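This briefing is meant to be read beside the sequence and the coordinates. Please keep both in view while going through the topics below.

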Amino acid sequence: MQKSELIGIISLLETPKKILITTHTNPDGDAIGSSLAMFGYLQKKGHTVSVMIPDPDPAFLHWMPFHSSILVFRDQQELCLASIEKAEVIFCLDYNGLGRVSDAEEPLRNARAIKILIDHHRNPAPDFNYMFSIIETSSTCELVYDFIAGCGDTGLIDKDIAACIYAGIITDTGSFSYSCNYEKTYLITADLYRKGIDGERIHRLVYDTYSEGRLRLLGFAISEKLVVLHEFHTAYIYLSKEDLDRFDYQVGDTEDIVNYGLSVAGINLAALFSERDGVIRVSLRSKGNFSVNDIAHKYFNGGGHVNAAGANSYLSLEETVRIFVEMLPDYKEKLTSVY
Ligand code: 5GP
Ligand code: MN
């Protein structure tokens, strides 16, 4: 964000405002963490703040401070529409265009409020009045920290706000294993510890609260549904609706499964295809300079980052996997020379 833009936002927020915080569909730790950190901060600044997510978030994020303030558009449409209508300022966190908010897209598009984007995805859409869009960062949570710091308010970051920011940083970096080659990420993390967070506890709350079904689904996916194509340095897992039903699938249970493909030596591209009601979720991950954002965009009309991207496919599970496997020869050279 340009300094002049930040000055514009600071002066906009000088008097108490009605603010709505929004994030993307299928919200993850960074989406919820950044939204709730911003909620805590803006409340301290004296604004009237609501948080709206398009659809429910997974249970392993429900421990977060301020979580009870969240409205779910899918389930509480009237309340959400009223918040959109009333809002003078709308923060758009962890997504790069209004096409990422599911059924909330139209009402948000038509909202009269000033829209402020804070995000780390490539190619932001021209849907916002102010844009704080930075790719080279761990997470939107880190950018929320930067934003608060830019407003001169790091003193207002307390233990609860810090816990939200930390949760987003660890979930978007796989606990500091990717998208984290930045000195600044660790300086910010150090400050979060200074604010009193218990990082070990947060890690347990996020990663050690699986249901038995989720753990068994992971085991099944790896032992029965993993295909490794060494020739193309690629591994993929495909899960049908019956597979998910068998393990009593709950929102969030397939999160992180895709990463296991990358843990095989020599594998540079990993994919997970999982069947939901009427849609196949495509999750892509890669190592080094191989961009899954390009593949998600070109073949599945999705997007994301260089090393983590996603999309929805409206073809069958078999057709979706076939498209993926058939494009691999075109990328063989790139997949062989990843650095
Ligand atoms: P995941 O595989 O965890 O669902 O998503 C990985 C990354 O890609 C996330 O940063 C997410 O925001 C982005 N992403 C996931 N699905 C989509 C999609 O349908 N469209 C776009 N543009 N980005 C997506
Ligand atoms: Mn993110």
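The points that follow go through the metal site, the surroundings of the other ligand, and several individual residues.

The structure is a predicted model, and the values given here are computed from it. Four protein residues supply the donors of the manganese ion (ligand 2), namely Asp 30, Asp 94, His 120 and Asp 172, while 13 residues surround ligand 1.

**The manganese site**

- The donor atoms of the manganese ion (ligand 2) are an OD atom from each of Asp 30, Asp 94 and Asp 172 together with NE2 of His 120, and they lie 2.1 to 2.3 Å from the ion.
- Read along the sequence, the spacing of these donor residues is D-x63-D-x25-H-x51-D.
- Asp 30 belongs to helix H2 (residues 29–44), whereas His 120 sits in the loop between strand S5 (114–119) and strand S6 (130–133), so this pair of donors ties together parts of the chain that are 90 residues apart in sequence.
- Asp 30 is buried because its relative accessible area is 0%, which is under 20%.
- His 120 also counts as buried, since its relative accessibility of 3% is likewise under the 20% limit.

**His 24 and its link to a metal donor**

- His 24 is placed in the loop between strand S1 (18–23) and helix H2, and with a relative accessible area of 4% this residue is buried.
- The side chain of His 24 makes a polar contact of 2.9 Å with the side chain of Asp 94, and Asp 94 is itself one of the donors of the manganese ion (ligand 2).
- A further polar contact, of 3.5 Å, joins the side chain of His 24 to that of Asp 28.
- Beyond its neighbours within four places in sequence, His 24 is in contact with Ala 31, Pro 54, Leu 93, Asp 94, Tyr 95 and Arg 100.

**The surroundings of ligand 1**

- Of the 13 residues that surround ligand 1, the closest are His 121, Arg 281, Ser 283, Arg 285 and His 305.
- An oxygen atom of ligand 1 lies 2.8 Å from a polar side-chain atom of Arg 285, and an oxygen atom of the ligand is 3.0 Å from an N or O atom in the side chain of His 305.
- At Gly 310 the partner is a polar backbone atom, which is 3.2 Å from an oxygen atom of ligand 1.
- On its own ligand 1 has 490 Å² of accessible area, and the protein covers 81% of this.
- Strand S10 (279–286), strand S11 (303–304) and strand S12 (308–313) are the elements that give two or more residues to the shell around ligand 1, and S12 gives the most, with four residues.
- By character, the shell around ligand 1 consists of three nonpolar, seven polar and three charged residues.

**Ile 90 and its contacts**

- Ile 90 lies in strand S4 (residues 89–93), and at 0% relative accessibility this residue counts as buried.
- Although Ile 90 and Lys 115 are 25 residues apart along the chain, their C-alpha atoms are separated by 4.8 Å.
- Leaving out residues up to four places away in sequence, Ile 90 touches Leu 20, Thr 22, Leu 108, Ala 111, Ala 113, Ile 114, Lys 115 and Ile 116.

**Residues in loops**

- Asp 153 is in the loop between helix H5 (140–150) and helix H6 (159–172); it is buried, with a relative accessible area of 11%.
- Once residues up to four places away in sequence are set aside, Asp 153 touches Tyr 41, Lys 45 and Ile 148.
- Asp 208, in the loop between helix H8 (199–207) and helix H9 (212–224), is exposed because its relative accessible area of 55% is over 50%.
- Asp 208 and Asn 268 are 60 residues apart in sequence, and their C-alpha atoms are 27 Å apart in space.

**Positive phi values**

- Most residues other than glycine have a negative phi.
- Ser 175, found in the loop between H6 and helix H7 (183–194), has a positive phi near 50°, and at 26% relative accessibility this residue counts as partly exposed.
- His 233, in the loop between strand S7 (226–229) and strand S8 (234–239), likewise has a positive phi, near 55°.

Terms used: Residues are numbered from 1 along each chain as its sequence is written. Chains are lettered from A and ligands numbered from 1 in the order in which they are written. This is a predicted model: local features need pLDDT of at least 70, side-chain atom pairs count only at pLDDT 80 or more; totals for chains, interfaces and linings use all residues. Side-chain values use heavy atoms; hydrogens and water are left out. Buried means under 20% relative accessible area, exposed over 50%, partly exposed in between (1.4 Å probe, protein chains only). Contact means heavy atoms within 4.5 Å. Donors are N, O and S atoms within 2.8 Å of the metal (3.2 Å for Na, K and Ca); water is not among the atoms, so sites may look incomplete. A residue is near a molecule or strand if one of its heavy atoms lies within 4 Å of it. Accessible areas come from the Shrake-Rupley method with a 1.4 Å probe; for residues, only the protein chains shown count as cover. Ala, Val, Leu, Ile, Met, Phe, Trp, Tyr, Cys and Pro count as nonpolar, Asp, Glu, Lys and Arg as charged, and the others, Gly among them, as polar.
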